[in-house]
Amino acid sequence: MTNIATPRRLDASVFVAKNFAEAIYLTDTSYNVTKQCVDDVIQVSEDMIAGKDYAIQMFDAAGKIPPGVLEGNYQWIGSSDECRDVNDIMMNGTTINGEYCLLFLPLAGGASTLQYGLCLPDSCEDNDVLELVNRGLVTLAIPGLQVIDVHCTQDYELTTGAIITIVISTLLCLFIVVGTSLDFYIYYKYKKKEEIQKDEFHVGNGAVTTGLHGLDETSPLIKSPSYSPDNLLEMLNYLRTFSFQAILNGTVSVDTFFLLSGLLVTYLTLKELESGRQINWIIFYVHRYWRKWYFGMTAIVTFLCGCFAATAALTVEYGIPVNMLQSPYKNVTDPTAGFAQTYTKPYTRIAPYLVGMVVGYLLVKTKGKIKIPTVVNLICWVAAWAVAIAVVYGLHGTYNGKTLSLPVNVFYATVFRFAWAVAVGWLIFACITGHGGPINAFLSWKAWIPLSRLTYSTYLIHLIVQYTYLYAGDRLVHISHLNMTYSFIASMALSYSLAFVFSIMAEAPMMRLEKIVLNKIKRE
């Protein structure tokens, strides 16, 4: 590579950077900038003027004004990979390595934030960069223009937890190889397949899961990955479309998981209790209380009311809007704090689990067989569909100019997860009791079974897959229907593939071991 720059052709900002770095260190000692950082910045600036390749590469890796600014592209991030490719440059007895730093500058009174990437010597810490850049911005005399935060990339060493995880994973892989090899050896040595005990690895097999395979398989797939788009304003237009409401409100798929969990735990526990098998004292007392169904239902209603009260109180306290684009109803220091309090806490998310418990109880009591008049069945199906559609698409108007009053906002935030669970709970109950019609036929399709057994593993893995893809690259994503569809399909395929590997490595063996241990305990 030849020198491609000369002092006459190089951008004037290089001269400014050099002179400024010298001035800030020599004339103003009030700024907390290390001497080594200043010296290296001066050295890189001089080498850039001289047209040295590594310095030009660092300049090229910095952010530039991109196209699409009017579409909301305020992320001028440059190239972190190109910056970090600058390694072991010896200059005047000092080794210079490229360090990528991302700067955050609020715009329009904080309504948006400009993200700007710089490639600097790795001797500069976050605070050095903050001081240098803000000192330089003062000379521009633009009111309010300053860097509020800096994140510089660093090479992190493996933590103790990471090392332990790697060791355990390695041992697990070793066990799998040894166990599989031993299994093949025994099989091919004796050639008696029928003498080898074979086990099926699955959960919830039986009448209660009939009609649930398709429902369970689709639960983790409704969610969409997060993006750093280069067309933010265009993305906001997508958010306002009717079809995109299924993505925005896709978090109720998590509540479907909670519903199924409560249903299966209750159903399988009660079936175990009814079988008359010997159980421990804790389960015995649970059985005693469940025999008094009114006590159990009272407890569920009490927990449900507590969930409603907690959700409503937190929504009012933090002024949390159900529309993600709307500003909070009250001024709060951290707009995300309310979301964390209502989305991740069990006392605000337990309602679907309780609904699942009720459905499981009803299935045990009716033994999955109940005669429902055609008219009543039709009314229940229409009501369930209406509720589900209202939960998913009911906020469409709020994304297109309509603002909910605070009481209506609180009501929706309080009951929408419960309402979704009731709708899905009816679907499960109707399908299992023989009133699902074509919906039951679709959800009972045997093709869903292999995927449904991987659902939980997929749920655990899919975010890792998506974030790895997003954070591994150093380019922005252009939002479009085609790109999002492609990303969704690729993410789904990779997530299920890795879930299969995880299942045969950990989930299935652990379930088999649990079965062996529990059977031994029961026999004793």
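## Confidence, ring pairs and packing in a predicted chain

Among the elements of the protein chain in this predicted model, helix H1 (residues 12–27) has the lowest mean pLDDT, at 49, and helix H16 (residues 374–393) has the highest, at 95. Over the protein chain the mean pLDDT is 80, with 81% of the residues reaching 70 or more. Two stretches call for caution: pLDDT stays under 50 over residues 193–211, where the model has 26 contacts beyond four places in sequence, and pLDDT also stays under 50 over residues 217–227, where 38 such contacts are found. Where pLDDT is low, the predicted coordinates should not be read in detail.

**Aromatic pairs**

Nine aromatic pairs are found in a search of the whole structure. One of them joins Phe242 and Tyr393, whose ring centres lie 4.5 Å apart with the planes at 15 degrees; an angle under 30 degrees counts as stacked, so the pair of Phe242 and Tyr393 is stacked. This pair links distant parts of the chain, since Phe242 belongs to the loop between helix H8 (232–239) and helix H9 (245–248) whereas Tyr393 belongs to helix H16, 151 residues apart. Phe242 is partly exposed, with a relative accessible area of 46%, and Tyr393 is likewise partly exposed, with a relative accessible area of 26%.

Helix H16 also contributes Trp381 to an aromatic pair with Trp426 of helix H17 (residues 406–432), and this pair too links distant parts of the chain, 45 residues apart. The rings of Trp381 and Trp426 are arranged edge-to-face, with 6.1 Å from centre to centre and 75 degrees between the planes. Trp381 has a relative accessible area of 10% and is therefore buried, and Trp426, at 14% relative accessibility, counts as buried as well. Elsewhere, ring pairs link Phe257, Tyr456 and Tyr459 into a cluster.

**Charges over rings**

The table lists two places where a charged residue lies over the face of an aromatic ring.

| Charged residue | Ring | Distance from the ring centre |
|---|---|---|
| Lys64 | Phe59 | 5.6 Å |
| Arg349 | Tyr343 | 4.5 Å |

**Helix H3 and the open sheet**

Which residues of helix H3 (residues 53–61) are buried? They are Tyr54, Ala55, Ile56, Met58 and Ala61. The buried residues of H3 pack against two helices, H2 (35–49) and H4 (80–84), and against the strands E2 (89–91), E3 (94–96), E4 (98–107) and E5 (112–121).

Strands E4 and E5 also take part in an open sheet of four strands, which has the order E1-E5-E4-E6 and mixed pairing. Its edge strands are E1 (75–76) and E6 (149–152), each of which pairs on one side only. The pairing between E4 and E6 runs in the antiparallel sense over four bridges, and Leu102 stands opposite His151 in E6.

**Thr455 in helix H20**

A further local feature concerns Thr455, which lies in helix H20 (residues 455–472). Is Thr455 buried or exposed? Buried means under 20% relative accessible area, so Thr455, at 0% relative accessibility, counts as buried. The side chain of Thr455 reaches the backbone oxygen of Ser452 at a distance of 2.9 Å.

Notes:
Residues numbered from 1 in each chain as written. Heavy atoms only, no water. Buried < 20%, exposed > 50% of the residue type's maximum accessible area, 1.4 Å probe, protein only. Contact = heavy atoms within 4.5 Å. pLDDT = per-residue confidence, 0-100. Phe/Tyr/Trp six-rings, centres within 6.5 Å; stacked < 30°, edge-to-face > 60°. Lys NZ or Arg CZ within 6 Å of the ring centre and 35° of its normal. Pairing = 2+ DSSP bridges. Polar contact = N/O pair within 3.5 Å; in protein donor to acceptor, adjacent residues only side chain to side chain.
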